[in-house]
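Student: I'd like a close look at the open sheet and then at the contacts between charged side chains. Please take me through them slowly.

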Amino acid sequence: MTVPPSTRPALRAAAVALVLAASSLAGAAPPAGFEAQVEELRQSVGVPGMAIAIVEGGQVTLVKGFGVRKLGSPDRVDADTIFPNGSTGKAFTVAALALLVDQGKLGWDDKVIDHMPWFAMYDPWVTREMTVRDLLVHRSGLGLGEGDLLMVPRTNLSRRESVRRLRYMKPASSFRSGYAYDNILYMAAGQLIEEITGETWEKFVAEHVLHRAGMINSTTGSEERFATADRAWPHARLNGPFRGLGNQSVLNERDELGRNAAPAGGMAVSANDMARWMQIQLAHGALPEGGSLFSAASSAEMWKPVVLQPVTPYPPALAAAQPMFDTYALGWDVQDYKGARIVSHGGAVFGFQATVVLIPEKNIGFTILINSEDGELIRGLMYELLDHYLGRPTQDWPASWRAFKKDRQVKAVEALNLQTAKPAKVGPSLGLVGYAGDYIDPWYGPISISEDHGKLHIDFKQTPRMTGTLEHVQYDTFRTRWSDPALEPAYVTFSLDAHGKVERISMRAVSPVADFSWDYQDLGFVPVDAKH
């Protein structure tokens, strides 16, 4: 039978609806007993609070909070509790750019300097060739996390000034030659939005992305977040040999990531709002009530792999989680898992972790938000849900990921003990006052080292409350004792010239498992006088 042309669009739409409906039946709703399992795991791992949302076939099948917003407080997490979601927010910055692309104000392959003429990278050729797409896919040539100390743990720098300092960051590899995750180029993407629209990233994303998407609780700015009573507080383990070991403690929530970095990971979202976000993503930009947030063409660009990521071998216990390929698209990781395409992104800021996972061919998505740094809980539940919705054989993923993390921590403690055991008691070469002075790094800026009552003091001038003392280790190397215990300790090494004067200061993290955002190794301080 021939179908009349006039009826083909309706039949095609009906066929698509049937396919989507059929695909959503693969997992037949969340696993039996899932909520009880989540609560048991939350308590056994020691996560204070968390929230989960699951979307299937365009419908929200689970959205629920567990535990408390803050240790010592009776306030429970619910579906509207907002959690800082870290780098899962990069996809929102991409969505904001997509709106400009859909409006014809921007192209993914436009040169950045055509819209932001003052933008510059270290290499003038890279400056001329850098595109909007390049800002979003971690192939710039910058090293892993390079420049993060402009925002970590906090800063008094503006976003524009932070982006301006890109011109002083030496590349670690050739432009577009490989993958190395960064945050500062997403800060540049946020600044680009302001340059084009005249609105800050915070205002543009709040009004044109969140509000249009129906995400009524989520925030882009600190003031709005702190004005929200139903918000989660950060927690971390700080009293062990290094961050991540010890007892869970409440952090000062206002010691947050630098506000300049919001386009890279400064939002706060609720489970209910993340459910909306996943519905829109899985519908390729279409809003549940009709209309669209961004076009299907932009949706396709968001998920299109651009850069290959190195695949790190997993230990035997996690071998089933090993992808055959791992790529980065526009604000999303795209990889395979047991034959299925998975579009996802994780996020972490001090005291919080999150993940968003989409299975496009099944029309299923889920998100997990926690108010601590115990990411093994997220990974364990993530793979349990993936196996469930894909109908694949499974294993005790929570136990496997917990064992993996414990083994990693044990090895890190051993490595830490080896490097700190009985250092050579030689030096320092100078009296303490000989190390004192003002120093500067081309991209970070100034630090001050002073001597007072037989102790050296260090002050990172552009990072509020990043101060402490320096304790001698050996030769001309010292160790920071930060006033704020949440800061990552570092070794500080003074290099002397032929006349016994400090010529250069280098740094590196003490912990072998320090987060890459503590990019001390990228710093190279010289005396301020040497710059003139």
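Tutor: Start with one pair: V492 stands opposite M507 in β19. This is a predicted model, where local features need pLDDT of at least 70 and side-chain atom pairs 80 or more, while totals for chains, interfaces and linings use all residues. Residues count from 1 along each chain, and side-chain values use heavy atoms, without hydrogens or water.

Now zoom out a bit. β18, residues 490-496, pairs with β19 in the antiparallel sense over seven bridges (strands are DSSP E runs of at least two residues, helices H or I runs of at least four, numbered from the N terminus; pairing takes at least two DSSP bridges). These two belong to an open sheet of eight strands, running β19-β18-β17-β16-β15-β14-β13-β20 with antiparallel pairing. At its edges sit β19 (502-509) and β20 (526-527), each paired on one side only.

On to the charged side chains. The whole structure has 31 salt bridges (Lys or Arg side-chain nitrogen within 4 Å of an Asp or Glu carboxyl oxygen). In one of them D230 meets R69, with N and O 3.2 Å apart. D230 is in the loop between α10 and β4 (235-237), and R69 is in the loop between β2 (59-67) and β3 (83-84), so this pair ties together parts 161 residues apart in sequence.

R133 also has a salt bridge, to E301, at 3.0 Å between the closest N and O atoms. Because R133 lies in helix α6 (132-136) and E301 in helix α13 (296-303), they tie together parts 168 residues apart in sequence. Then there's D134 with R139, at 2.6 Å from N to O. Finally, shared partners link D109, R133, E301 and K304 into one salt-bridge network.
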